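Trainee: Before we look at the model, I would like to know how its terms are earned.
Mentor: Then ask about them one at a time.

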Amino acid sequence: MTQVISVVQEKGGAGKTTLLTAIASLMVQDGARIAVIDTDPQRHLEAWAKKEQTDLDWLYEEDDEKLIPTVKALKKADPAYDAIFVDTAGFKSAMAMHAIAAANLILIPSKANEADAKGAKRTFSHVQSVAETMEKEIPALVVMMDVDTQTNITQAIVDALDAQNVPRLNAMCAHRTGFKEMTSTGQAPQGSARRSAQSVLADLQGRGLLGFYRSGSWPKSA
Ligand SMILES: Nc1ncnc2c1ncn2[C@@H]1O[C@H](COP(=O)(O)OP(=O)(O)OP(=O)(O)O)[C@@H](O)[C@H]1O
Ligand SMILES: [Mg+2]
């Protein structure tokens, strides 16, 4: 079954597009069939995908009322997509609400600063209210981005999120130039950024949150 993964955070610049492109491109390398939908008028995701260095399908959707029909149409693709990723703009919007409603997994990136952590908490509450309204379970997890794990601020932010019972991955995307380079290469992260993104993917996999790795379609050769 096609999984829909939306990356949402109402504070801008927290690492949504970076997280999405890193995870999606690593899944492509594992043999997953992936589509990505950019809903952000800045079109950063589309700019990365357009370089065609990563074998996935992409589209841009600007009309919030068309997002769910678009996702439904992609879910009917043959051969089926293993996952559809939805990138959103960095503010609370009708589009973000539709992206949450369309998803069965939400990732909420947050850098290790107070503004991002507050945005992550608010975004998590927003996901909970959409899930309650729809009477649907939508797992949502914060993913710490651009972190230097050795710093006190990282620990303080993580402790604050934990104290507020905001669920998060243990694995984090470290501060690595390789993540910045993805924007110009259109590829998956390289070097130590790749290892860091792989730890995040492994954490998601270990929690059984990624249908592709549960379904027996992976490893591709098996
Ligand atoms: N792990 C990381 N290491 C280094 N730089 C990072 C990392 N994660 C994010 N960044 C940088 O932070 C900036 C913002 O990231 P990104 O564009 O992914 O955020 P965003 O949430 O998509 O922003 P917007 O709200 O504008 O869409 C970018 O310059 C990106 O390269
Ligand atoms: Mg973005």
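**Pockets and the ligand**

Mentor: This is a predicted model. The lining of the largest pocket divides by class into eight nonpolar, twelve polar and eight charged residues.

Trainee: Which residues that line the largest pocket are closest to its centre, and how much space lies in the pocket?

Mentor: About 590 Å³ of space lies in it. Of the 28 lining residues, Gly15, Lys16, Thr17, Thr18 and Thr183 are the closest to the centre. Helix 1, helix 2 (44–50) and helix 7 each supply at least two residues of that lining.

Trainee: What takes the space of the largest pocket?

Mentor: Ligand 1 does. A molecule counts as sitting in a pocket if more than half of its atoms lie within 2 Å of the grid points, so ligand 1 passes that test here.

Trainee: Which residues around ligand 1 come nearest?

Mentor: Lys16, Thr17, Thr18, Lys111 and Ala174, out of 19 residues around ligand 1. The cut-off for being near is a heavy atom within 4 Å. By class, this shell has five nonpolar, eight polar and six charged residues.

Trainee: What makes the pair between Lys111 and ligand 1 a polar contact?

Mentor: An N or O atom in the side chain of Lys111 is 2.7 Å from an oxygen atom of ligand 1. The limit for a pair of N or O atoms is 3.5 Å, so this pair qualifies. For Gly15, a backbone N or O atom lies 3.0 Å from an oxygen atom of the ligand, therefore that pair qualifies too. In Asp146, a polar side-chain atom lies 3.2 Å from a nitrogen atom of ligand 1, which again falls within the limit.

Trainee: How much of the accessible area of ligand 1 does the protein cover?

Mentor: The protein covers 84% of the 630 Å² that ligand 1 has on its own. Helix 1 (16–29) and helix 7 (177–185) are the elements that give two or more residues to the shell. Helix 1 gives the largest share, three residues.

Trainee: What lines the second largest pocket, and which helix gives the most?

Mentor: About 200 Å³ of space lies in that pocket. Its lining includes Met1, Thr2, Gln3, Tyr81, Asn104 and Phe212. Helix 9 (residues 211–214) gives the most, with three residues.

Trainee: How does the lining of the second largest pocket divide by class?

Mentor: Into four nonpolar, six polar and two charged residues. Gly211 is part of this lining, and Gly counts as polar, so Gly211 belongs with the polar residues.

Terms used. Residues numbered from 1 in each chain as written. Chains lettered and ligands numbered in written order. Predicted model: local features only at pLDDT ≥ 70, side-chain atom pairs only at ≥ 80, totals over all residues. Heavy atoms only, no water. Polar contact = N/O pair within 3.5 Å; in protein donor to acceptor, adjacent residues only side chain to side chain. Areas by Shrake-Rupley, 256 points an atom, 1.4 Å probe, with all protein chains shown as cover. 1 Å grid on protein atoms, 1.4 Å probe; cavity = no way out; pocket = protein on both sides within 12 Å on 5 of 7 lines; lining within 4 Å. Helix = DSSP H or I, 4+ residues; strand = E, 2+ residues; numbered from the N terminus. Points joined across faces, edges and corners; volume = space filled by probe spheres on them.
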